[in-house]
Amino acid sequence: MSIIQGSAGKAPTPASERMLRSSWIRRLLVRPEIGAVIGSIAVWLFFALIAGNSGFLSLRGTSSYLSVSAELAIQAVPVAILMIGGEFDLSIGSIVGACSMIIVILSTQFGWNLWLAFLVAMIFSVLVGVMNGYLVMRTGLPSFIVTLGTQYILLGATTGVTVLITGLTNVGGLQQVPGYQSAKVVFATTFSGREFPIEIFWALLVVVIGAWIMLGTPFGNWVFGVGGDANAARNVGVPVMRVKILLFVFTAVCSCLLAMIQAVTFTGADVLRGQGNEFLAIVAAVVGGVLLTGGYGSVIGTLFGALAFGIVEEGIVFAGIDADWYKAFIGVMLLLAVLLNSYVRKTALERRR
Amino acid sequence: MSTANPSSTPLLEVQNVSKYFGSIIALKDISMSVYAGEVMCLLGDNGAGKSTLIKILSGVHQPSEGRYLVEGKEVHFKSPRDALNAGIATVYQDLAMIPLMSIARNFFLGSEPTKGWGPFLRFDAAYADRVTRAELARIGIQLRDTTQPVGTLSGGERQSVAIARAVYFGAKVLILDEPTAALGVKEAGVVLRYIAQARARGLGVIFITHNPHHAYPVGDRFTLLNRGRSYGTFAKSEISREEITEMMAGGEDLAELSHELAEFARTDALIADAAQELAKEAEQLQQLEQHHSTDEQ
């Protein structure tokens, strides 16, 4: 966009007398996504160099990090949107465990059709999301604490109920239940010689929906508003409570989607499945340029955050480095990305006109 | 007399309004009005009751006593939304804009333009961009890029954008809460100019401030509050800037203050004298020392 020349009457604020040339590079560099995009390229180049000969660049290598990234992105994208809206959700790990256990127990122990079990799990996740949102908004407590509570409640209750019904914490046998074959097509197909799992497309669907909500709809505008300053948003008529509750529902529903994919892929469930995802999702969102205090961030950036994570996790395996090191690597990457992002944000807020 | 025609109906009027919080009298017997095309300044020092009065006018609080009329009809607002729907928009000093959001998105927050239908209903970014650019150009802010964050604007520009937004969305009465308080001289000038423009467009403006130097150039009438009560309303022709300042401070207090200041000045002079003497002594000492050292050589 260019400087508007002249105006009705005399312009009281000269348009550009103190403005340096703002090049397209600068405009690109102040995007919230930039840190994650650079980070992804950097770690990819790094592992392409040191592990290129050992299969990292092969179809199998590529599909392995893409599927790790996809599983993370399915949860990280809604978490990023929720964080842009100013809240956290630490219960998403337990939601995966609870939903996959609901699916597996209803179908294997009670003989339900798998699709009906999916429906029940989905309704359950919506209820958890509504409860999280309602509790946070009504009590005024930090969502960090409220959802930490939900996390433990769900984990404990899932384990308790599962042991009560099956006597185990790990239930299998999903391949024998009615509806499994069609569910396998939808959630666990692989393409191009069994390499690329369908979850990559599910992740892309979540990314497209998330990016569309944030950039294309009035609701997305409200999310930025309630995260930036809930009072200011309320003053201009944004329904703050409804927006935030819907965001909690979105994270819960996406976690349920991941539970469906994993239950069908592994033909079973474990009560501990999904544990730890809550922090990985926050890492991906923050690497992707989401501000911890809300009001700023990007869905596309979060996708690249998840991608960088997947590349590191699988790249270390291909490089033959002891896998114990991968968490150290993730930590370094997180810190570097946050440093870069805070610099980007500062630059973006510098006066320019 | 003021520029407003007193025989017409005021856009907004309160009659003998009082507000109590428990046993505390926040406001007592306040009457004021604003007409279309005038700037009504509400002046008062900190704690005078300005904020309480604004909150009543903008629908946050309900008056304990008295009547509130909009265009001659009595109203009972239950929320800020009610006041907004009646065309009364309040621009708060700090809660007006979201710094990290783009200017166009801020401008339309809560009233987003859309196009398309059903699931393809979408935020009309091009329209938002066009309107924001045009509305800001009207108040003299030339934007290169409406997607830049509001945080890149100066404080005065942010206030101006918030005012432009209220006007664009059909406000008849603008209540401006200390819009110039945190601003530098030039910045305040930008906002004051825009207040005058809003008046020229036929809006009624209630301009709350504690700075007579900002109020006097743009104000048509002045209502002075002090400790929850009103000193009355004065047309510009009836009162000078100095008189406003004096009344705001409370006449006697100010006299006492000038006495105190004179006392400070006197002691200051004494201190200055003493300091001068000390400096002279130090100089002499230095000279002596130099003398001494040259002797040694």
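The following is a conversation about a predicted model and the terms used to describe its parts.

Colleague: How are residues, chains and confidence handled here?
Modeller: Residues are numbered from 1 along each chain as its sequence is written, while chains are lettered from A and ligands numbered from 1 in the order in which they are written. Local features need pLDDT of at least 70 and side-chain atom pairs count only at pLDDT 80 or more, whereas totals for chains, interfaces and linings use all residues.

Colleague: What is the mean pLDDT of chain A, and where does pLDDT stay under 50?
Modeller: With pLDDT being the predictor's confidence in each residue, from 0 to 100, the mean for chain A is 87, and 90% of its residues reach 70 or more. Over residues 1–21 of chain A, however, pLDDT stays under 50.

Colleague: What is the span of helix α3 of chain A set against?
Modeller: Helices are DSSP runs of H or I with at least four residues, strands are runs of E with at least two, and both are numbered from the N terminus. The expected span of a helix is 1.5 Å times one less than its number of residues; α3(A), residues 59–84, has 26 residues and reaches 35 Å from its first C-alpha to its last, close to the 38 Å expected. At Ala73(A) the helix bends by about 35°, the bend at a residue being the angle between axes fitted to the seven residues ending there and the seven starting there.

Colleague: Why is α3(A) called largely enclosed?
Modeller: A residue is buried if 20 or more other C-beta atoms lie within 10 Å of its own, exposed if 12 or fewer, and partly exposed in between, with C-beta atoms placed from the backbone. By that rule 22 of the 26 residues of α3(A) are buried, so the helix is largely enclosed by the rest of the structure.

Colleague: Is Glu178(B) buried or exposed, and what is the class of Glu71(B)?
Modeller: Glu178(B) has 21 other C-beta atoms within 10 Å, and therefore counts as buried. Glu71(B) has 15 C-beta neighbours inside 10 Å, so it is classed as partly exposed.

Colleague: What makes the phi of these two residues worth a remark?
Modeller: Most residues other than glycine have a negative phi. Phi of Glu178(B) is nevertheless positive, near 45°, and Glu71(B) has a positive phi of about 50° although it is not a glycine. Glu178(B) is placed in the loop between β9 and α6 (185–200) of chain B, and Glu71(B) in the loop between β4 (65–70) and β5 (73–74) of chain B.

Colleague: How do you know that β3 and β10 of chain B pair?
Modeller: Two strands pair if DSSP finds at least two bridges between them, and 6 bridges join β3 (residues 38–43) to β10 (residues 204–209) of chain B, which run parallel. Among the partners, Leu43(B) is bridged to Thr209(B), and Glu38(B) stands opposite Gly204(B). Strand β3(B) also pairs with β11(B) in the parallel sense, over 4 bridges, where Leu42(B) stands opposite Thr223(B).

Colleague: What makes β6 and β12 of chain B edge strands?
Modeller: The open sheet of 6 strands has the order β6-β9-β10-β3-β11-β12 in chain B, with mixed pairing; β6 (88–91) and β12 (229–235) each pair on one side only, and are its edge strands.

Colleague: How do you know that both faces of β3(B) are covered?
Modeller: Glu38(B), Met40(B) and Leu42(B) on one side and Val39(B), Cys41(B) and Leu43(B) on the other are all buried.

Methods
Contact = placed C-beta atoms within 7 Å.
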